[in-house]
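Here's a quick briefing to read with the model open beside you. Start with the polar contacts, then work outwards to the rest of the chain.

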Amino acid sequence: MSLQQSMKKRKERDEGEKPVKQEVEEDDDEGESGDEFEVLKNDDGDSYLELSSKRRLTIRTFKSNVLVDIREVYEKDGKTLPGKKGISLNEDQYNTLRGIILSGAVDAEIEKLKA
């Protein structure tokens with residue numbers, strides 16, 4: 001299956017999306033705001049979190065692999081659809097990214113740029 005066919009299939013699947021609310025509480029680590037994030041589910045059972053009105057983090061499977069998908073979304077005919085711009089991380093890549101963020105290295109570099 002080509003990438004274009006795969007994107008079309010995913011687009012068709014996501015058109016029938018129906019959110020199911022599930023609240024996730026953040027651990028109270030230092031520097032965190034303690035915000036609660038809302039986990040939604042589409043018709044296929046994929047969990048996702050809204051990063052902004054135009055970006056979404058989706059946890060899904062593809063060919064028996066768990067993926068963390070960060071992607072731009074757009075509206076068409078009243079439905080939210082995945083765009084072409086984004087990245088899918090496998091579990092190892094996600095765990096590496098998570099470790100880097102939790103280490104504080106990213107926050108430290110951001111603060112350096114603000115100074």
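In this predicted model, the side chains of Asp69 and Arg71 are joined by a polar contact of 3.1 Å. Asp69 also has a polar contact with the side chain of Ser88, this one at 2.6 Å. Asp69 sits in strand β5 and counts as buried, because its relative accessibility is 2%, and buried means under 20%.

**Salt bridges**

- How many salt bridges does a search of the whole structure find? There are six.
- Glu50 and Arg56 make one of these pairs, with the closest N and O atoms 3.1 Å apart. The contact between these two side chains also shows up as a polar contact, again listed at 3.1 Å.
- Arg56 belongs to strand β4, which covers residues 55–62.
- Is Arg56 buried or exposed? Arg56 is buried, with a relative accessible area of 7%, whereas its partner Glu50 is partly exposed at 40%.
- Glu72 and Arg55 are another pair, and their side chains meet in a salt bridge at 3.1 Å, N to O. Glu72 is in strand β5 (residues 65–76) and Arg55 in strand β4, so the pair ties together parts that are 17 residues apart in sequence.
- Both ends of that pair are partly exposed: Glu72 has a relative accessible area of 29%, and Arg55 comes in at 43%.
- Over in helix α3, Glu111 and Lys114 meet through their side chains in a salt bridge of 3.8 Å, N to O. The two are three residues apart in that helix, about one turn.
- Why do Glu111 and Lys114 land in separate accessibility classes? Glu111 is partly exposed because its relative accessible area is 47%, while Lys114 is exposed because its value is 63%, with the exposed class starting over 50%.
- Which residues are joined into one network by salt bridges that share partners? They are Arg60, Asp69 and Arg71.

**Nonpolar surface patch**

- Leu97, Ile100, Ile101, Val106 and Ile110 make up a nonpolar surface patch of about 370 Å².
- Two helices, α2 and α3 (105–114), each supply at least two residues of the patch. Which element gives the most? That's α2, with three residues.
- Val106 is one of the patch residues, and it lies in helix α3.
- Val106 is partly exposed, with a relative accessible area of 34%. Patch residues need over 30%, so Val106 passes that cut-off.

**Fold and surface totals**

- The protein chain has three helices and six strands. Reading from the N terminus, the order is α-β-β-β-β-β-β-α-α.
- What share of the 115 residues counts as buried? It's 22%, and Arg56 and Asp69 are among the buried ones.
- The accessible surface of the protein chain is about 8900 Å². Carbon and sulfur atoms account for 50% of that area.
- Taking contacts in the protein chain with a separation of 6 or more, 24% are between residues 24 or more positions apart.

**Where to trust the prediction**

- Average pLDDT for the protein chain is 80, and 69% of the residues score at least 70.
- Which elements sit at the two ends of the confidence range? Strand β1 (residues 22–25) has the lowest mean pLDDT, at 50, and helix α2 (residues 91–103) has the highest, at 98. Helix α2 is also the element that gives the most to the nonpolar patch.
- Over residues 25–31, pLDDT stays under 50. For this stretch the model has five contacts beyond four places in sequence.

Key: Residues are numbered from 1 along each chain as its sequence is written. Side-chain values use heavy atoms; hydrogens and water are left out. pLDDT is the predictor's confidence in each residue, from 0 to 100. Helices (H or I, at least four residues) and strands (E, at least two) are DSSP runs, numbered from the N terminus. Contact means heavy atoms within 4.5 Å. Patches are made of residues with over 30% relative accessible area and no salt bridge: like charges are joined within 9 Å, nonpolar side chains (Val, Leu, Ile, Met, Phe, Trp, Tyr) within 5 Å. Accessible areas come from the Shrake-Rupley method with a 1.4 Å probe; for residues, only the protein chains shown count as cover. A salt bridge is a side-chain nitrogen of Lys or Arg within 4 Å of a carboxyl oxygen of Asp or Glu. Buried means under 20% relative accessible area, exposed over 50%, partly exposed in between (1.4 Å probe, protein chains only). A polar contact is a pair of N or O atoms within 3.5 Å; within protein, one must be able to donate a hydrogen and the other to accept it, and residues adjacent in sequence count only if both atoms are side-chain atoms.
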